[in-house]
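Student: Please take a close look at a single helix in this model and describe how its neighbours pack against it.

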Amino acid sequence: MGYDRFAEESGRLNDVLNAVNLLVWDSRTQMPAGGAAARGRQIATLTALARQIATGPAMRDALAAARDAVAGEPEGSRRRRAVAAMQDGIAALDRIPEPLLH
């Protein structure tokens, strides 16, 4: 149960980041020059949303539950690696002051 919540929250984050990647790709390959300002705002909005999801209480709670759920699994298990990677990613985001992101 604990890992399932983590997988769901990670999926939400992944969905937003995939949308960001698509917008960035489009801005570099197909977007008309007149759309750059609007596209920049869209990317900024979704990037901020991704950070909120990644560092928010729902993700932190899900991560804690997932850590407990996978504690007995082998060190190199896929689920333990996913939890560790998310934990490292959130720690990196926590080190970047919010004002530097704007």
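**Helix H1 and its partners**

Tutor: H1 and H4 form a left-handed crossing. The model is a predicted one, and H1, residues 2-29, is the helix followed here. Its partner H4 covers residues 78-95, and the two pack at an angle of about 55° with axes 12 Å apart. Angles of 35 to 65 degrees fall outside the parallel and perpendicular classes, so H1 is oblique to H4. From H1, the residues that meet H4 are Tyr3, Phe6, Ser10 and Leu13; from H4, they are Arg78, Arg79, Ala82, Val83 and Met86. By class, this contact has 6 nonpolar, 1 polar and 2 charged residues.

Two of the residues just named also take part in a charge-ring arrangement: the charged end of Arg79 sits over the ring of Tyr3, at 4.3 Å from the ring centre. As for rings against rings, a search of the whole structure finds 1 aromatic pair.

Next comes H3, residues 57-70. The axes of H1 and H3 are 7 Å apart, and the helices pack at an angle of about 140°. Roughly antiparallel requires an angle over 145, so H1 is oblique to H3. The crossing of H1 past H3 is left-handed. On the H1 side the contact is made by Gly2, Tyr3, Arg5, Phe6, Glu9, Ser10 and Leu13. H3 contributes Ala58, Met59, Asp61, Ala62, Leu63, Ala65, Ala66, Ala69 and Val70. The contact of H1 with H3 divides into 11 nonpolar, 2 polar and 3 charged residues. Tyr3, Phe6, Ser10 and Leu13 are listed both here and in the contact with H4.

The remaining partner to describe is H2, residues 36-55. Its axis and that of H1 come within 9 Å and cross at roughly 160°. H1 and H2 are therefore roughly antiparallel to each other. H1 passes H2 in a left-handed crossing. From H1, the contact draws on Glu9, Arg12, Leu13, Val16, Leu17, Ala19, Val20, Leu23, Val24, Asp26 and Ser27. From H2, it draws on Arg39, Gln42, Ile43, Leu46, Thr47, Leu49, Ala50, Ile53 and Ala54. Sorted by class, the residues of the contact of H1 with H2 are 13 nonpolar, 3 polar and 4 charged.

Leu13 links the three descriptions: this residue appears in the contact with H2, in that with H3 and in that with H4. Glu9 is listed for H2 and for H3.

Technical notes: Residues are numbered from 1 along each chain as its sequence is written. This is a predicted model: local features need pLDDT of at least 70, side-chain atom pairs count only at pLDDT 80 or more; totals for chains, interfaces and linings use all residues. Side-chain values use heavy atoms; hydrogens and water are left out. Axes are lines fitted to C-alpha atoms, for helices over the stretch in contact, and angles run from 0 to 180 degrees between N-to-C directions. Helices (H or I, at least four residues) and strands (E, at least two) are DSSP runs, numbered from the N terminus. Angles under 35 degrees count as roughly parallel, over 145 as roughly antiparallel, 65 to 115 as roughly perpendicular and the rest as oblique. A crossing is left-handed if the near helix is turned anticlockwise from the far one by less than a right angle, and right-handed if clockwise. Contact means heavy atoms within 4.5 Å. Ala, Val, Leu, Ile, Met, Phe, Trp, Tyr, Cys and Pro count as nonpolar, Asp, Glu, Lys and Arg as charged, and the others, Gly among them, as polar. Rings of Phe, Tyr and Trp (its six-membered ring) pair if their centres lie within 6.5 Å; planes under 30 degrees apart count as stacked, over 60 as edge-to-face and the rest as tilted. A charge sits over a ring if NZ of Lys or CZ of Arg is within 6 Å of the ring centre and within 35 degrees of the ring normal.
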